[in-house]
Amino acid sequence: MTAVPPASGGPADGTPDHRSVTGEKPGGTRAQFSWALFDFARSPYLSLVYIFVFPPYFANTVIGDPVRGQEAWSFANTMVGVCVALFAPLLGAMSDRMGARKPWLGLVVGIMAPCCFALWYAMPGAQGGLSVNAILILIVVLASCFQFSEVFYNALLASIASPQRIGGLSGLGIAVGNSGTLLALVVMLFGVAMPASGMTLGGLLPSHPLFGLDPAAQEHNRIAGPAAGLWLLVFSIPLWLWLPDRPSTGISAGRAIREGLSQVWLTVKRARRIANVGRYLLARMLYTDGMIAILAYTGIYAAGIFHWDLPTLLIFAVILTPFSISGGFIGGWLDDTLGPKRSIQIAVGATCVGMVASVSISSHQIFFIPYDVAAAGPLWSFPYFRTLPEIAYVAVTMMLAISVTASFSISRTMMARIAPVSMMSQFFGLYALSGTATGFLGHASVAFFTGAFHSQRAGFASTVILLVAGLIMMRWVREERAQELA
C-alpha cells in the first residue's frame, strides 16, 4: 500500500515534500500536459452535443416544440442521474482494486465515440432516422459515460500533482479543455453554421458548409455529434502515450466487483469517520447539479426566449469560452491563495447572483423591468444580438461562465485534498455521484416547473434553489483529510 503523505506541509524532517497527493512521484511536465489535454478532447462533447448545438436542434427541430423539447431533455438527464447513482461508486471502487485507471478511460471513450457518430441519424421531426426514444437513449449513454470518465480522470490528478500544484493543474485542465471548446466552436461557426445561413463575410468564408453538408437536411446541426466523437478519439491519444498509470494488481473483474461492493458497504458503515467528506459531497451534490442544469439548459433557454438560430448560438458560445478559460485559471489561483473551501463559497455565491440576473432577462424584460424592443429598435446593424435584453443576457452569462468553471476546478481539488489516499478512485466515484444524483430533483424540477407554468424561465430559475442549498451546506465543511477506513 502506498504511504500516506502528511495532510499538509512536508515530511517530519522539515524538507520540502515533492510527492504527489497520493504519495507517489509526481508526473513530469509531459504527463501533466497529457492529463490536461484529455479535457481538451472531452470538452467539445459538452459544447456541441450537451449545451449549444444539439439540444436546441433536438428541442426545436427534432421535437418541434421548445417547451416539450426541454421537458424531454430534462427526463433524459434524470435518467443519467439514476445511472450514475447506481454505478459510479462501484466503478470507482473496482478501479481502486484493479489498479490501472487508463483502461477504464479507454472503455468510456470506446463507448462515447460511436454514440456521438450515431447522432448523425437524428433527423428533423424524427423522420427517416432514429426515433426520439433512441436519440434520448444515446444522450443518456453519452452523459453517463462522460460522468464515469470523471471518476477515473479526476483520480489520476491526485497521482501526478504535488499538494502545492494540484489547484493550478486542475485549473490548467479546465482552461485547456475550454480552449478545445473554443477551437471546435470557431470551426463550427465559420466553417459550417454561417455558410449554411448564407453569410460569407464578403467572401472571407466559404459559400457552402464544409464537407458538403446540406443545410436543407439539417446536416449542419447533425454534424455536432460526429465532430465531437472524432475530436475525442484524436485528442485523447496523448493520454494513452504519455501519462503513467498505476500498475495492474492482477485482480479479476469478478473479484473487483465483489470487493468493490464490500468496500462501498464498508464506507457506508463507517460513515462517521468520513463525515466531513460526506458533508462536502452533499454540498457539492446540491450546487453542482444546479450548475450542470445551467450548462444543460443555457442553449435551449436562449434559443427559446430570443429565437436564436445556430450561428447566433455559436457566436454566443465563442464569446463565453474565453471567460470559461479564465475561470479555470481564476479557480486555480483562488484555490492556491485562499484554499478550496473559501474559494468554492465565492464561486458558488457569484453563480447564485448571476443566475438570478439571468432569469430576470427575457426578450421583453431586463432585470424584470419591461422593455419595449419594438419602440427602442435595433442597437446596431450587426445581424446578431441586436436588442438590449440580448446584450444584457450575454453580459450576465459571461460572469456565469467564470464562476461555474471556477467552481468545477476548485471542487475536484477539494476532493483530492480530503479523500482517503488509498481509496481515491472510489471517493471520486462518490464525487461523480454527488455531481449528478440530484438529477432526480434538479432535472425533474426543471421539467416540472417548465411544464407546470408552460415557461422555460420558471424551469431554468428552479436551479437557484440547489445553488443556495449547496452554498449553505459548505459552512460545515472542513479542509482536512479523512482517516483511512481499512
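Q: Ala, Val, Leu, Ile, Met, Phe, Trp, Tyr, Cys and Pro count as nonpolar, Asp, Glu, Lys and Arg as charged, and the others, Gly among them, as polar; by class, what makes up the lining of the second largest pocket?
A: Its lining has 15 nonpolar, no polar and no charged residues. This is a predicted model, where local features need pLDDT (the predictor's confidence in each residue, from 0 to 100) of at least 70, side-chain atom pairs count only at 80 or more, and totals for chains, interfaces and linings use all residues. Residues are numbered from 1 along each chain as its sequence is written, and side-chain values use heavy atoms, leaving out hydrogens and water.

Q: What makes helix 8 stand out in the lining of the second largest pocket?
A: Helix 8 brings the largest share, 6 residues. Helices are DSSP runs (H or I, at least four residues), numbered from the N terminus.

Q: How do you know that the length of helix 12 fits its residue count?
A: The expected span is 1.5 Å times one less than the number of residues. For the 29 residues of helix 12 that gives 42 Å, and the end C-alpha atoms are 40 Å apart, so the two agree.

Q: Where is helix 12 kinked?
A: At Thr 321, shortly before Pro 322, by about 30 degrees. That bend is the angle between axes fitted to the seven residues ending there and the seven starting there. Just after helix 12, Gly 339 has a positive phi of about 90 degrees.

Q: Where is confidence lowest and highest?
A: Helix 16 (residues 424–436) is lowest, with a mean of 63, while helix 8 is highest at 96. The chain averages a pLDDT of 81.

Notes. Helices (H or I, at least four residues) and strands (E, at least two) are DSSP runs, numbered from the N terminus. Ala, Val, Leu, Ile, Met, Phe, Trp, Tyr, Cys and Pro count as nonpolar, Asp, Glu, Lys and Arg as charged, and the others, Gly among them, as polar.
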